Amino acid sequence: MALRNALLAALLDGEASGYDLAKSFDASVANFWMATPQQLYRELDRMESEGLVRARVVQQERRPNKRLFSLTEEGRRALRAFTAAPTKPGAMREELMVKVQAVDAGDVEAVRAAVAERLEWSRAKLARYERLRARMLDGRGEDDYLATADRVGPYLTLMRGRSFEEENIRWAERALAVLARRAAATA
């Protein structure tokens, strides 16, 4: 999957600036697609030159002018083609897992600290997802929301992100318990 597809999907919610896209990217799609703001801006420029998005400049007082991006019909066709194409299975590539794999020959305390850091990071991210879910539901039950929402894709990806972080938390807690027992047994 290319960054452009994630940006096209993000623009389904309507016109947005690069800054707004970077913020919403971090809150919504960062659980499955990472990109720096610089990468986003470069890709938006390419997409504009290819006719996938259109940009308009908004004049601002006391601030630099900003560009607002929106999908073109060509961008919608590209997104439709992307969603119609077969999906390739994802592969996990994570440095922490390599460190955990090597913990028996490595710095156990450093690995333990990295797992503990991941645990806290996942807890914080899950809390952000819970706040986002509460805002999306806006007091409605999930079934009511899903029956009446204009778009369900953002909610479904949010649910995947929540599940992912919940599993990260379960794994990290278990890994820390195992490492603590091993340390106690060798002490």
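**View 1. The largest nonpolar core of the predicted model**. This core has 15 residues. Those with the most contacts inside it are L7, L8, L11, L21, M47 and V53. At least two residues of the core come from each of α1, α2 (18-29), α3 (37-49) and β3. Another core, of 11 residues, lies apart from it and includes V103, A175, L176 and L179. In soluble globular proteins, nonpolar side chains tend to be buried together.

**View 2. Helix α1 (residues 3-10) and its surroundings**. Because six of its eight residues are buried, helix α1 is largely enclosed by the rest of the structure. The buried residues are L3, R4, N5, A6, L7 and L8. Two of these, L7 and L8, also belong to the residues with the most contacts inside the largest nonpolar core.

**View 3. The open sheet of three strands**. The strands run in the order β1-β3-β2, and their pairing is antiparallel. β1 (16-17) and β2 (53-58) are the edge strands, each pairing on one side only. Two bridges join β1 to strand β3 (residues 66-71) in the antiparallel sense. In one of the contacts between strands, A16 has F69 of β3 as its bridge partner. Strand β3 also supplies at least two residues of the largest nonpolar core.

**View 4. The aromatic pair Y145 and Y155**. The structure holds one aromatic pair. The ring centres of Y145 and Y155 are 5.2 Å apart and the planes stand at 45°, so the pair is tilted; planes under 30 degrees apart would count as stacked and those over 60 as edge-to-face. Y145 lies in helix α7 (residues 142-148) and Y155 in helix α8, 10 residues apart, and the pair links distant parts of the chain. Y145 counts as buried because its relative accessibility is 8%. Y155 is buried too, with a relative accessible area of 1%.

**View 5. The second largest pocket and its lining**. The pocket has a volume of about 240 Å³. Its lining consists of V100, V103, D104, V108, W171, A175, V178, L179, R182, A183 and T186. Helix α8 (residues 153-186) gives the most to this lining, with seven residues. By class, eight of the lining residues are nonpolar, one is polar and two are charged. V103, A175 and L179 appear in the lining and are also among the residues of the core of 11 residues.

Methods:
Residues numbered from 1 in each chain as written. Predicted model: local features only at pLDDT ≥ 70, side-chain atom pairs only at ≥ 80, totals over all residues. Heavy atoms only, no water. Buried < 20%, exposed > 50% of the residue type's maximum accessible area, 1.4 Å probe, protein only. Helix = DSSP H or I, 4+ residues; strand = E, 2+ residues; numbered from the N terminus. Pairing = 2+ DSSP bridges. 1 Å grid on protein atoms, 1.4 Å probe; cavity = no way out; pocket = protein on both sides within 12 Å on 5 of 7 lines; lining within 4 Å. Points joined across faces, edges and corners; volume = space filled by probe spheres on them. Nonpolar A, V, L, I, M, F, W, Y, C, P; charged D, E, K, R; others polar. Phe/Tyr/Trp six-rings, centres within 6.5 Å; stacked < 30°, edge-to-face > 60°. Core = buried A, V, L, I, M, F, W, Y, C linked by side-chain atoms within 4.5 Å.
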